[in-house]
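Reader: I should be grateful for a close look at one part of this protein and at what lies around that part. Please explain each term with its cut-offs as it arises.

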Amino acid sequence: MNEQELLERITVKPQIFGGKPIIRDRRLAVEHILEMLAAGDTIETLLEAYPWLEQEDIQACLICASRLVNHD
C-alpha cells in the first residue's frame, strides 16, 4: 500500500471530535494513537485493544503526523 492509499484511511468529520483526524470514520482520533505510541504502547498492544484496527491504520497515523510536522 502506498503512502496516498494509507492516508485515505484518515478522515475528518466535523461532527466527530470537532473535526480532528480520525481513523476510517471510527471514533478513534489519530492523536490518540500517537499519544499511546508516545507513552510506550506497542503496535501489538494497540491492535489487541482495538480489534478493528489494522497495522496500516497505525502507519497512516504516523504518515499524517510526519506531514503535519513537515508542513505538507
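Author: Helices (H or I, at least four residues) and strands (E, at least two) are DSSP runs, numbered from the N terminus. Residues are numbered from 1 along each chain as its sequence is written. This is a predicted model, in which local features need pLDDT of at least 70, side-chain atom pairs count only at pLDDT 80 or more, and totals for chains, interfaces and linings use all residues, while side-chain values use heavy atoms and leave out hydrogens and water.

The part chosen is the loop between strand 2 (21-23) and helix 2, where R24 has its place. D25 belongs to this loop between strand 2 and helix 2 as well. Most residues other than glycine have a negative phi, and most peptide bonds are trans. R24, however, is not a glycine and has a positive phi of about 45°. D25 is likewise a residue other than glycine with a positive phi, near 65°. How accessible are these residues? R24 is partly exposed, because its relative accessible area is 28% (buried means under 20%, exposed over 50% and partly exposed in between, with a 1.4 Å probe and protein chains only). D25, with a relative accessible area of 41%, is therefore partly exposed too.

The loop leads to helix 2, and helix 2 in turn meets helix 4. Two packed helices are described by the angle between their axes and the distance between the axes. The axes of helix 2 and helix 4 come within 10 Å and cross at roughly 95° (axes are lines fitted to C-alpha atoms, for helices over the stretch in contact, and angles run from 0 to 180 degrees between N-to-C directions). Helix 2 is therefore roughly perpendicular to helix 4 (under 35 degrees counts as roughly parallel, over 145 as roughly antiparallel, 65 to 115 as roughly perpendicular and the rest as oblique). On the side of helix 2 the contact is made by V30, I33, L34 and L37, and on the side of helix 4 by I58, C61, L62, C64 and A65; contact means heavy atoms within 4.5 Å. By class, these comprise 9 nonpolar, no polar and no charged residues (Ala, Val, Leu, Ile, Met, Phe, Trp, Tyr, Cys and Pro count as nonpolar, Asp, Glu, Lys and Arg as charged, and the others, Gly among them, as polar).

One member of this contact, C64, lies in helix 4 (residues 55-69). C64 is buried, because its relative accessible area is 14%. Apart from residues up to four places away in sequence, C64 touches L7, I10 and V30.

In soluble globular proteins, nonpolar side chains tend to be buried together. A nonpolar core is a set of buried Ala, Val, Leu, Ile, Met, Phe, Trp, Tyr and Cys residues joined through side-chain atoms within 4.5 Å. The largest such core here has 15 residues, and those with the most contacts inside it are I10, I23, V30, I33, L46, L53 and C61. Helix 1 (3-7), helix 2 (30-38) and helix 4 are the elements that give two or more residues to this core. Helix 4 gives the most, with 5 residues. L46, for its part, touches I33, M36, L37, D41, L53 and I58, not counting residues up to four places away in sequence.

Y50 also has partners in this region: leaving aside neighbours within four places in sequence, Y50 is in contact with L28, H32 and M36. Y50 itself lies in the loop between helix 3 (43-49) and helix 4. The C-alpha atoms of Y50 and L28 are separated by 9.4 Å, although these residues are 22 residues apart along the chain. A search of the whole structure finds 1 aromatic pair. Y50 and W52 form this edge-to-face pair, at 6.5 Å centre to centre and 70° between the planes (rings of Phe, Tyr and Trp, the last by its six-membered ring, pair if their centres lie within 6.5 Å; planes under 30 degrees apart count as stacked, over 60 as edge-to-face and the rest as tilted). Y50 counts as partly exposed because its relative accessibility is 21%, and W52 is partly exposed because its relative accessible area is 21%.
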